[in-house]
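Me: I'm new to reading protein structures and would love some help. Could you take one part of this one and walk me through it slowly, then show me how it fits with the rest?

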Amino acid sequence: MGDGSVVPRLGNMKALLGIVAGAGASYGLYKLISGQVFKKNKKIPQSESPGVKSSQQGGVELRPGSLLAKVSGLDVVCARPDDAASGEIIHQSPNKLELHHLKMLLSRLQTSDDPSDRSQFLLTLGNAAAFTVNQNQIRELEGIPIIAGFLPDPAPEVRVQALNALNNLCMNIQNQEQIKLYVPQVLELIEMSAVNSDLQLGALRLLTNLSVTDKHQHLLKESVTLLLSLLVVSNEALQVQTLKVLVNLSSNPDMMDDIVQAQAPASVLLLFDERTSPAVLLRLLTFVGNLKAWRPSAQVADELRRKQDCLFRVMLDESSQMHGKLVQMLSHPDREIQVQVARILT
């Protein structure tokens, strides 16, 4: 963090969970350490669009009112490569950037030595990727691996903008085929970054979009313990985003075997409480409802009972405290939560 204070990371989650819920909170956390330390882990501040400027940024002319200006937060004027000397102003389309602008941005991104410029180019590309035509053009320009190449950038603001750009590009099904290759890096960023950082939030948003359909969900089957552990130590915004991923995964019956066998901190049960945010609690109940719909055979259930710290033992087995927690939630003041709980119990 910028003030030099120590920030917690999931690589040291055992200590964090001990704070959250005593001895039970550190349950099963020794599995969180992957053994590969991602060294470039800094908290990334939320970017804000600067005001209108009438100048040159990194050699790129800036023009008020252009689309490139609007999507980047800067007033940008782009000179064509073939007549840059004349300083000809290009009036941008109101709904997309032109192909040569995207080429210029990708080229400038790869050659810039200034972290603030790299961050701004990525921000512009990410905002441009809100348009389908640009999603396709960036892919055709081989821009996805270029952008993903900045996930380990030493500058934290660059890394978060790379994630945000990939997140928008991920809305395109064809782009997902390339973006899925970077899932291990994204998971490592979550594990080794400061808890509640913008970097973790950006990574979780990307995984949410990638897991909306069941096509790539198998890539996250080893991440359930990481997600559950993050859930019990993070703030509301990260809890909501983490649960979006867990709900997506648990909606797929083919993922259930991996989910119920995953190690789970016992302290996750502490979230079933009136003090938990309704936005978090409703998604948590949706996750539990998906789990309850799974019906293991007697043999499978016996095997899972022998795994002391697995999700099945913590949340689904008859010996779990989950049932008592749900009964208590029937008196929750939020009517929608009451209905969700009743549906699960019946």
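Reply: Happy to help; we will start with one helix, follow its neighbours into the core, and then look at another helix and some charged pairs.

Keep in mind that this is a predicted model. The protein chain has 346 residues, and 52% of them are buried. Its secondary structure comes to 18 helices and two strands.

Let's pick helix H7, which runs over residues 156-169. From the first C-alpha to the last, H7 reaches 20 Å, close to the 20 Å expected for its 14 residues at 1.5 Å a residue. Is H7 mostly covered or mostly open? H7 is mostly covered, with eleven of its 14 residues buried. Among the buried ones are Val158, Val160, Leu163 and Leu166, but also Arg159, Gln161 and Asn167.

What do these buried residues pack against? Their partners are helices H4 (115-128), H5 (132-140), H6 (143-148), H8, H9 (183-192) and H10.

Now zoom in on Leu166 of H7, one of the buried residues. Leaving aside residues up to four places away in sequence, Leu166 touches Ile144, Ile147, Ala148, Leu151, Ile179 and Leu206. Leu166 also belongs to the largest nonpolar core, which has 90 residues. Within that core, Leu166, Ile147, Phe272 and Met315 touch the most other members. Helix H14 supplies the largest share of this core, with eight residues.

H14 (278-292) leads us to another helix, because the buried residues of H17 pack against H14, along with H16 (311-316) and H18 (335-345). In H17 (residues 322-329), the buried residues are Met322, Lys325, Leu326 and Met329. They cover an arc of only 100 degrees around the axis, so they sit on the same side of H17. Turn to the other side of H17 and you find His323 and Gln328, which are exposed.

Next come the charged pairs. Side chains of opposite charge can pair when their charged atoms come close. The whole structure holds seven salt bridges. In one of them, the side chains of Glu177 and Lys215 meet at 2.9 Å, N to O. Glu177 lies in helix H8 (residues 173-179) and Lys215 in the loop between H10 (198-210) and H11 (224-231), so this pair ties together parts that are 38 residues apart in sequence. Both ends are partly exposed, with Glu177 at 29% relative accessibility and Lys215 at 48%.

Another salt bridge joins Asp273 and Arg275, at 2.8 Å from N to O. Here Asp273 is partly exposed at 22%, whereas Arg275 is exposed at 76%. In a further salt bridge, the closest N and O atoms of Asp317 and Arg313 are 3.9 Å apart. Asp317 counts as buried, at 8% relative accessibility. Through shared partners, Asp302, Arg305, Arg313 and Asp317 are joined into one network of salt bridges.

Finally, step back to the whole chain. Of the contacts between residues at least 6 apart in sequence, 68% join residues at least 24 apart. The accessible surface of the chain comes to about 15900 Å², and 50% of that belongs to carbon and sulfur atoms.

Notes
Residues numbered from 1 in each chain as written. Predicted model: local features only at pLDDT ≥ 70, side-chain atom pairs only at ≥ 80, totals over all residues. Heavy atoms only, no water. Helix = DSSP H or I, 4+ residues; strand = E, 2+ residues; numbered from the N terminus. Buried < 20%, exposed > 50% of the residue type's maximum accessible area, 1.4 Å probe, protein only. Contact = heavy atoms within 4.5 Å. Areas by Shrake-Rupley, 256 points an atom, 1.4 Å probe, with all protein chains shown as cover. Salt bridge = Lys/Arg side-chain N within 4 Å of Asp/Glu carboxyl O. Arc of directions from axis to C-beta. Expected span 1.5 Å × (residues − 1). Core = buried A, V, L, I, M, F, W, Y, C linked by side-chain atoms within 4.5 Å.
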